[in-house]
Amino acid sequence: MQFLLWFFIVLIGSWQGFHFFSPMFLSFILLILSIGRLLMVYHQKNVLRELFDAGFLIGVAALFYYPLLLFVISIWSLLMLSRSFNFREYAVPLIGLITPFYFLWVYLFFTDTPIDFFDYSANIGQTSLIYNAGLAQRFFLVITGIIFLLSFAFLLKILGRSKVRVQIARKLLIVLFFNSALIYGLSFYYYPLTERAIILIFPLVYILPFFFFETKPFYKNLAFYFWILSALLFDYFLF
């Protein structure tokens with residue numbers, strides 16, 4: 001866990017656009033807690049409580065960033081990968097997901113507070129980070145992208161080498177990445193770039209360590225120093 005937090009700190013600290021308080025960071029923590037609950041469902045007879053907790057945590061996170069509701073796809077995908085079909089197990093996460101919104105609606109109803117959950121302000125005029133970045137920033141993005149592709153390749157390579165429980169956990173990481181990419185794409189015109197980028201950091205902190213765990217020490221150390229150097233350049237130099 002400490003290794004994952006270290007990757008999170010480097011990714012967040014490397015870009016000054018993340019150096020602000022955002023409710024997305026709280027959502028990030030809630031998503032990590034929901035994954036912890038999901039990883040407890042393997043080889044258990046009754047997992048309704050864990051599934052409700054995971055759905056509830058995602059629902060609370062979605063109060064700050066509505067597209068996170070789509071992470072229920074990851075819960076259903078995990079159930080398909082690890083358990084036989086049971087309608088209640090697919091319905092319970094959905095109930096947990098809408099419970100925070102129900103309590104919020106009750107509060108707003110009794111306090112007579114109007115709110116439009118879907119009153120978004122479009123960000124169509126925003127350009128991508130890669131177009132706004134300078135040379136040092138692009139260097140960091142390229143290095144991070146290369147390490148991610150190698151890590152993803154290592155993840156696919158060792159997918160079937162471990163125990164079933166570990167295999168399922170690794171498959172969940174792949175599902176989370178594509179789920180995050182889906183959320184990033186669907187919220188492209190409705191949320192600022194910084195908030196959307198945090199969604200992609202969520203699966204990155206789980207996938208990036210695979211390169212450093214699986215590769216040879218020389219390449220691991222070389223990639224590590226290049227990555228840290230590029231992060232420092234990214235943060236302190238604007239050329």
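Mentor: Start with a definition. A helix here is a DSSP run of H or I covering at least four residues, and helices are numbered from the N terminus. This is a predicted model.

Trainee: What is the phi of aspartate 112, which follows α5?
Mentor: Go to the end of helix α5. Aspartate 112 comes after this helix. Its phi is positive, near 55°.

Trainee: How many helices does the protein chain have?
Mentor: Read the elements from the N terminus: they run α-α-α-α-α-α-α-α-α-α-α. Strands number zero. The helix count is 11.

Trainee: In which helix is confidence lowest?
Mentor: The chain has a mean pLDDT of 76, and 76% of its residues reach 70 or more. Helix α3 has the highest confidence, at 91. Over residues 120-131, pLDDT stays under 50. The lowest mean, 47, belongs to α6.

Trainee: How should I read the coordinates where pLDDT is low?
Mentor: Take residues 120-131, where the model has 24 contacts beyond four places in sequence. Be careful with such a stretch. Where pLDDT is low, predicted coordinates should not be read in detail.

Trainee: Which helix gives the largest share of the largest nonpolar core?
Mentor: That core has 63 residues, and Leu68 and Trp227 touch the most other members. The largest share is eight residues, at positions 193-207, and they come from helix α9.

Trainee: Leaving aside neighbours within four places in sequence, which phenylalanines is tryptophan 227 in contact with?
Mentor: Its partners include Trp6, Val10 and Leu11. Ile143, Thr144, Ile147 and Leu208 are also among them. The phenylalanines are Phe7 and Phe140.

Trainee: How far apart are the end C-alpha atoms of α5?
Mentor: Helix α5 covers residues 87-110, so it has 24 residues. At 1.5 Å a residue, the span should be 34 Å. The model agrees, because the end C-alpha atoms are 34 Å apart.

Trainee: At which residue does α5 bend?
Mentor: Look for the proline. Proline 100 follows the bend within four residues. The angle is about 30°, and the bend is at threonine 99.

Trainee: Which residue caps the N-terminal end of α5?
Mentor: Find the backbone nitrogen of arginine 88. A side-chain oxygen lies 3.0 Å from that nitrogen. The oxygen belongs to asparagine 86.

Trainee: Which helices do the buried residues of α5 pack against?
Mentor: Pick out the buried residues, including Tyr90, Val92, Leu97 and Phe101. Thr99 and Pro100 are among them too. Their packing partners are α3 and α4.

Trainee: Is alanine 91 buried, exposed or partly exposed?
Mentor: Alanine 91 sits in helix α5. Its C-alpha is 9.5 Å from that of leucine 48, though 43 residues separate them in sequence. Buried means under 20% relative accessible area, and exposed means over 50%. With 24%, alanine 91 is partly exposed.

Trainee: Why does arginine 83 count as buried?
Mentor: Arginine 83 lies in the loop between α4 and α5. The cut-off for buried is under 20%. Arginine 83 counts as buried because its relative accessibility is 18%.

Trainee: Which side chain is joined to that of arginine 83 by a polar contact of 3.1 Å?
Mentor: Set the backbone partner aside: the lysine 45 backbone oxygen lies 3.4 Å from a polar atom of the arginine 83 side chain. Beyond four places in sequence, arginine 83 is also in contact with residues including Val41, His43 and Val47. The side-chain partner at 3.1 Å is glutamate 89.

Note on methods
Residues numbered from 1 in each chain as written. Predicted model: local features only at pLDDT ≥ 70, side-chain atom pairs only at ≥ 80, totals over all residues. Heavy atoms only, no water. Core = buried A, V, L, I, M, F, W, Y, C linked by side-chain atoms within 4.5 Å. Buried < 20%, exposed > 50% of the residue type's maximum accessible area, 1.4 Å probe, protein only. Helix = DSSP H or I, 4+ residues; strand = E, 2+ residues; numbered from the N terminus. Contact = heavy atoms within 4.5 Å. Expected span 1.5 Å × (residues − 1). Bend = angle between axes of the 7 residues up to and from the residue. Polar contact = N/O pair within 3.5 Å; in protein donor to acceptor, adjacent residues only side chain to side chain. pLDDT = per-residue confidence, 0-100.
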